[in-house]
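Trainee: I should like to learn how to read the features of a protein model, one at a time. May we begin with an enclosed space and the residues around it?

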Amino acid sequence: MEDRRAAQAATARHRARVQRLERFAAASPRAYLVRVLLLALAGYGFLIGLLLLLAAAPLAIAWRVFVQGVRFEPQLAIVLLIAGAGIAALVRALWVRFEVPAGRLLAPHEAPALHAEVERLRAATGAPPLSGIVIDTQLNAAAASLPRLLGLAGHRHYLVLGLPLLQLLDRDEAAAVIAHEFGHFGEQHGRLAGWLYRVRFTWYRAVDGLSRSGFLLSMPIVRFYAWYAPLFDAWSFVLARTHEFRADATAARVVDRDAMASALLRLEHGSGRMQSTLWPRVLARARVQSHPPAQLLAPLIDGLRASPHPDPARLLAIADRDVDPYDTHPVLARRLDALGAPAVLRPRGEPAAAWLGDALDGIERELDQHWRAQLKTEWQALHTAAANDRARFRELDSMSVRSAEEAVEHARLFETVEIDRDPLPVLARAHAAHPDSAMAAFRLGVRELQAGDVDGIQHLRQAVARDAGAVGPIGDALKALLRDPDVDAHTAGQIAELRDALAPRADDLRDRDAVVDGDALQPHDLDTAALGRLTATLAGHERVTRAWLARKQVAMVEASAHYVLLPDWRGSVASEAAGLRALSEDLHLPGSHTVFTGSEAAAVAKQVRRLCAEPVYQKGKGQAL
């Protein structure tokens, strides 16, 4: 059972810690840097300490034999053998092979124009030599440093460039992004900060690599770094965020300030469009098409470059709204302010993908093939899961006359199955046929707002009026719309007003429906008839042997009761989730309810049993107790 309040508290603690460290770093930058440096060295000190501990006996023997002249005794050979085996085991544990980042690794002779441009930018930023350039499917770029011997023997450096990024940005914008990534490798006047930035990611790779190695001596090292990595991450967070500004400054110095600002705006818009529209549209096709399409990248890239063009004001608002306290990347407005650049898009020039030359088509085909192979399992699962929806839609679609309920169901399935057709007319007819349907009003309102029609606001209000429980899904839909960069500013303003108006009700609803340790619970208030119906329902589920029922005290004005049902489930853990879901669907209580077991939330289960004392149902008795 998810504890939303615990997650919120953890996020609040993280924000407070980051703000405290930011103040400390601003007030005493040298002291902060020294502490982070000492903490980084402590990570390597642990490895060196282990090595010295194992080497202590051989070194002592060598001192006595070669310096003090003590005769070498045969039993000392056993000590040397054991110590040598330990040292070999430690080196073996540290000899973790970190793979080249996933994607298409360019051969040295491929895409000479890209290699030349990358080398020019590398030399200009003072970054270390590259081990290779990787082209992948992401709308992103990355500087990947792979540690040798967990960083004790240096790093291998790779530049990762997403093909969508090279297709979306022009040459100058892409050059600025590449220079930014080289800034992470460490520029001429910031090598210490660059080294610390790399170390920050080394420990997480170490934990992952050692965990996968399966070597026995890796386990105690994994335990240490599983504790150490989050600690160093917390202390170096401020440094990592500052390093983003340094990398932006490197791009501005080496390429152009306005080109970097324009690249940031285009990537903000492209990422929002990818998450809100383009990728969901690809996965939606899985419900009606049994195999992934032959081309995946080309439609995504076309969608990224299509109209409407980015609205910088909307992008700044979206970025400011979506602040992630765990993301070291500063928000867009702060990055532009640090650059001293206006939020202006430059006229788009030739795509940077032209650097790939004749290799472009082959690279795109290889990436498409790899992506299809990765998607195949998920795609087929989605297609299979939608089989009933496809069959039901065909049945409803063939009807010449539908009831009001069938019209709503047909419209809902139309959105799922007829993914290449506009669902608005069908939803409008369903709403007209069944004006009391919260579902029809909800889906119609969302689609209207996506199309820029603010009449959708009224339809969403109707949905909430018809079903108070709709406020949760509507709130989620409004948040998604506000993250969509293609929603115009006027519509976004109307959406934000509705979101703010519904937020208190949504919070109340979540607080009512969630049950966590410490909630105020009281005895249920069901009458004999209601208890009899509950008993009959529980008796129909053979895995339920006993059940306890309590009522949660809720703060909502005029709120219906919220009941907490704790069944004693007898069956496999694998069957529990599906069984509880089926039980929840069968319950008809005079209010909302939560069904859970002690395996989900032991503390809450203990609280319910203590309050109830006796179960309301026990298998075999056939009646409420």
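Mentor: We shall, bearing in mind that this is a predicted model. The lining of the largest cavity consists of five nonpolar, two polar and three charged residues.

Trainee: Which residues line the largest cavity?

Mentor: The lining is made up of L168, R266, H269, L304, R305, A306, P308, H309, P310 and R348. Two elements, α9 (257-284) and α10 (297-305), give two or more residues each to this lining.

Trainee: How many cavities of 30 Å³ or more does a search of the whole structure find, and how much space lies in the largest cavity?

Mentor: The search finds two cavities of 30 Å³ or more. The largest cavity holds about 60 Å³ of space.

Trainee: How should I read an open pocket, and how much space lies in the second largest pocket?

Mentor: A cavity is a space from which a 1.4 Å probe cannot get out, whereas a pocket is an open set of points. In this structure the second largest pocket contains about 1200 Å³ of space. Its lining has 35 residues, and S276, T277, R281, R447 and Q450 lie nearest the centre of the pocket.

Trainee: Which elements supply at least two residues of the lining of the second largest pocket, and what is the character of the residues?

Mentor: The elements are α9, α15 (404-417), α17 (438-450) and α19 (471-483). The largest share, nine residues, comes from α9. By character, the lining of the second largest pocket divides into 16 nonpolar, seven polar and twelve charged residues.

Trainee: Let us turn to strands. What is the order of the strands in the open sheet?

Mentor: The order is β1-β2-β4-β3, an open sheet of four strands with mixed pairing. Its edge strands are β1 and β3 (141-147), each of which pairs on one side only.

Trainee: In which sense does β2 pair with β1, and in which sense with β4?

Mentor: With strand β1 (residues 104-105), β2 pairs in the antiparallel sense over two bridges; R104 has I135 as its bridge partner in β2. With strand β4 (residues 155-162), β2 pairs in the parallel sense over five bridges. Across from β4, G132 stands opposite Y158, and I135 stands opposite L161.

Trainee: Are the residues of β2 buried or exposed?

Mentor: A residue counts as buried when its relative accessible area is under 20%. Five of the five residues of strand β2 (residues 132-136) are buried, so the strand is largely enclosed by the rest of the structure. G132, V134 and D136 point one way from β2, while I133 and I135 point the other way, and all are buried.

Trainee: For a helix, how may I check the length of α18?

Mentor: One compares an expected span with the separation of the end C-alpha atoms. The twelve residues of helix α18 (residues 455-466), at 1.5 Å a residue, should span 16 Å, and the end C-alpha atoms are 17 Å apart, which agrees.

Trainee: Which residues of α18 are buried?

Mentor: The buried residues in α18 are G456, I457, H459, L460, Q462, A463 and V464.

Trainee: Finally, how are aromatic pairs read, and how many are there?

Mentor: Rings pair if their centres lie within 6.5 Å, and planes over 60 degrees apart count as edge-to-face, whereas those under 30 degrees apart count as stacked. The count here comes to five aromatic pairs. For F24 and W235, the ring centres are 6.3 Å apart and the planes stand at 90°, so this pair is edge-to-face. F24 lies in helix α1 (residues 4-27) and W235 in helix α8 (residues 218-254), so the pair ties together parts that are 211 residues apart in sequence. F24 is partly exposed at a relative accessible area of 23%, and W235 is partly exposed at 24%.

Trainee: What is the geometry of the pair formed by W279 and W371?

Mentor: That pair is stacked, with W279 and W371 at 5.3 Å centre to centre and 10° between the planes. It links distant parts of the chain, W279 in helix α9 and W371 in helix α13 (residues 360-385), 92 residues apart. W279 counts as partly exposed at 23% relative accessibility, whereas W371 counts as buried at 12%.

Trainee: Which residues do ring pairs link into a cluster?

Mentor: The cluster consists of F24, Y32 and W235.

Terms used
Residues numbered from 1 in each chain as written. Predicted model: local features only at pLDDT ≥ 70, side-chain atom pairs only at ≥ 80, totals over all residues. Heavy atoms only, no water. Expected span 1.5 Å × (residues − 1). Buried < 20%, exposed > 50% of the residue type's maximum accessible area, 1.4 Å probe, protein only. 1 Å grid on protein atoms, 1.4 Å probe; cavity = no way out; pocket = protein on both sides within 12 Å on 5 of 7 lines; lining within 4 Å. Points joined across faces, edges and corners; volume = space filled by probe spheres on them. Nonpolar A, V, L, I, M, F, W, Y, C, P; charged D, E, K, R; others polar. Pairing = 2+ DSSP bridges. Phe/Tyr/Trp six-rings, centres within 6.5 Å; stacked < 30°, edge-to-face > 60°.
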